[in-house]
Number of protein chains: 2
Amino acid sequence: MATAGSGKARSRTSDTYARIRDDVILGHFAPGSKLKIEALRERYGLGATPIREALSMLTADGLVERVDQRGFRVAEVSSGEFEELLAIRCNIEERALRLAMERGSEEWEEAIVLARYRLARTPRLGPDGSTKDLEWENCHKGFHMALTSACGSPILLRLCNQLYDENNRYRCIARLNPSARPNIYDEHEEIAEAVLARDADLAVRLIVEHYTTTGRLLHAALCSREEAAALKDQSAAAKAGPGHRAATRNPERV
Amino acid sequence: MATAGSGKARSRTSDTYARIRDDVILGHFAPGSKLKIEALRERYGLGATPIREALSMLTADGLVERVDQRGFRVAEVSSGEFEELLAIRCNIEERALRLAMERGSEEWEEAIVLARYRLARTPRLGPDGSTKDLEWENCHKGFHMALTSACGSPILLRLCNQLYDENNRYRCIARLNPSARPNIYDEHEEIAEAVLARDADLAVRLIVEHYTTTGRLLHAALCSREEAAALKDQSAAAKAGPGHRAATRNPERV
DNA sequence: AATATAGAAAATATCGATAAAATCTTGACC
DNA sequence: GGTCAAGATTTTATCGATATTTTCTATATT
């Protein structure tokens, strides 16, 4: 998830950006929850400046929302938005992938081989539980980013990154059980093979399938989650009685 | 260009974000030039915090680049990137436009009528020169954003905004003479008509043409600009003599 | 002449303090 | 019982100062 520390002198702002981003993506901060500066200051042991800068970046990434004079909060999620996200992502990745396959050098091919190996060797979950999860997430992102890395367009790379992160947040939030995708290993292998063979049409077909298959599962999980939330909301409203102030929206759930 | 001040209590950070963004888009800061905090502090009469926050947001928008420990600079431009940008933008806008036309209410229609009127009545250039230009830019952005505003997807709206801004920077930098697009008024009218008539295919065709026509001109202007720059670079290198330190890349040109 | 280097100058990144807003609380009032 | 408002509290937004890091400059070295 976090772009591994290849460059040297990272600033606190960059570190904090990565950390908060991961916390949002992994669902440590629930959608809609408030991100108080003071709380984050304490959590990460920093001054306000790097935190505010990191949050500002995340705002433009679409993971955090800012309202002037009343701070930052984690962006909301919805099944509708997820569908949109998925469609856009397929589009953008197709472009990037085709370009990368046209332009990619041997170095690029080697980077893919390496990323594939790392992903294959990393267990999805540690024996104890979710400890290893972050590492797998890193490898997974590394693999997908490697595929398009040679597209040669900064703007495409930026979008791929942002869309991956946003999509990934949905996956984490939906708490999709890894067993729901048993062939995920093979899918990655096939994709890598097609890309390395520079079979553009096949590669695109496979990757779009890869995304939409996960997408369908995610969508289902999200919808049932939304229904549950709606029910809870309803019953909460009923309990509070009619005429109660309509502050039920945007509950805190930090 | 700046999102007109409808909401009340805007923070200095938001104002600064809009101002720097406009300065970058309008070409007041040349591509690649350094954005020194102290200089901006002076220019806008503010502390460092809001400026750094604004720059951080622009970073994620793709208008500014940050390198840890050595500050911010205006993103570079290239004709290749512009092509990519244009293609992506057509894609995204098509999605957004179709959705908006499916979902748009009467309010949305009225917003378009209003934006069209404002754009039509605003002169491209004041009699004195470029004074009015900013106002026209505002109206132009307002018009284009109004078309897709009803798409219902925050992520699409965010992308439309970002891509509009990036595209617009290219237009400003290329210093395209308005007379190069004599029918621009009619084009906007036709687009508005098609959208209001909810003729999706026509509207999409018109808007893509609108973008690509400008795009072709822009592209040509950019290429000749790049050639000129390459020539200058070359002669500069020759003048400095061989063996001179290769610091010729990234000239300051503030 | 090219390279290396120590020190000076400039710029960035960050902190702690504070002013300005928002939010919450409490009690008066209809 | 519900609304409203003054005051207390929390939170945000911003500034000014400072530690770190980079960049520049002049000098010494091969």
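Which residue does A:Lys34 stand opposite in E3(A)? Select A:Lys34 and look across: the residue opposite is A:Arg73 in E3(A). Strand labels follow DSSP runs numbered from the N terminus, with strands (E) of at least two residues and helices (H or I) of at least four.

**Before you go on**

This is a predicted model, in which local features need pLDDT of at least 70, side-chain atom pairs count only at pLDDT 80 or more, and totals for chains, interfaces and linings use all residues. Residues are numbered from 1 along each chain as its sequence is written, chains are lettered from A and ligands numbered from 1 in the order in which they are written, and side-chain values use heavy atoms, with hydrogens and water left out.

**Stop 1: the sheet of chain A**

Stay on chain A and colour its strands. An open sheet of 3 strands runs in the order E1-E3-E2, with antiparallel pairing. Two strands pair if DSSP finds at least two bridges between them. E1(A) and E3 (residues 72-74) of chain A are joined by 2 bridges. At the edges sit E1 and E2 (64-66) of chain A, and each pairs on one side only.

**Stop 2: DNA strand D**

Now select DNA strand D and the protein around it. The surface near this strand has 19 residues; A:Arg52, A:Gln69, B:Arg12, B:Thr13 and B:Gly47 are the closest. "Near" requires a heavy atom of the residue within 4 Å of the strand. Of the strand D atoms within 4 Å of the protein, 86% belong to sugar or phosphate, and the rest to bases.

Next, show the polar contacts (N or O atom pairs within 3.5 Å; within protein, one atom must be able to donate a hydrogen and the other to accept it, and residues adjacent in sequence count only if both atoms are side-chain atoms). Three places to zoom in on:

- A:Arg52: a side-chain N or O atom is 2.8 Å from a phosphate oxygen of strand D.
- A:Lys36: a polar side-chain atom lies 3.0 Å from a phosphate oxygen of strand D.
- A:Ile37: here a backbone N or O atom lies 3.2 Å from a phosphate oxygen of strand D.

Zoom out to the elements. E1 (34-35) of chain A, with H1 (12-25) and H3 (48-61) of chain B, each give two or more residues to the surface near strand D. By class, that surface has 5 nonpolar, 7 polar and 7 charged residues. The nonpolar class is Ala, Val, Leu, Ile, Met, Phe, Trp, Tyr, Cys and Pro; Asp, Glu, Lys and Arg are charged; the others, Gly among them, are polar.

**Stop 3: DNA strand C**

Switch to DNA strand C. It is surrounded by 19 residues, the closest being A:Arg12, A:Thr13, A:Gly47, B:Arg52 and B:Gln69. Of its atoms that come within 4 Å of the protein, sugar and phosphate account for 86%.

Pick B:Gln69. A polar backbone atom there is 2.7 Å from a phosphate oxygen of strand C. Move to B:Lys34, where a side-chain N or O atom is 3.1 Å from a phosphate oxygen of the strand. At B:Lys36, a polar side-chain atom lies 3.2 Å from a phosphate oxygen of strand C. H1 and H3 of chain A and E1 (34-35) of chain B each supply at least two residues of this surface. Its residues divide into 5 nonpolar, 7 polar and 7 charged.

**Stop 4: the sheet of chain B**

Follow E1 into chain B. Its 3 strands form an open sheet in the order E1-E3-E2, with antiparallel pairing. The edge strands are E1 and E2 (64-66) of chain B. E1(B) pairs with E3 (residues 72-74) of chain B over 2 bridges. Click B:Leu35; its bridge partner in E3(B) is B:Phe72.

**Stop 5: where chain A meets chain B**

Select both protein chains. The contact (heavy atoms within 4.5 Å) takes 35 residues from chain A and 35 residues from chain B. About 2,900 Å² is buried between them, with carbon and sulfur atoms giving 51%. Buried area is the accessible area (1.4 Å probe) that two parts lose on being put together, summed over both.

Look for salt bridges (a side-chain nitrogen of Lys or Arg within 4 Å of a carboxyl oxygen of Asp or Glu). Across this interface there are 8. One joins B:Arg52 and A:Glu53, at 2.7 Å, N to O. The interface also has 24 residue pairs in polar contact, both residues at pLDDT 80 or more.

On the chain A side, H1 (12-25), H3 (48-61), H4 (79-103) and H7 (154-174) each supply at least two residues. H4(A) gives the most, with 9 residues. The residues on this side divide into 14 nonpolar, 10 polar and 11 charged.

**Last stop: inside H4 of chain A**

Select A:Arg89 and A:Glu93. Both lie in H4 of chain A, 4 residues apart, about one turn of the helix. They form a salt bridge, with the closest N and O atoms 3.9 Å apart. Over all chains, the count comes to 38 salt bridges.
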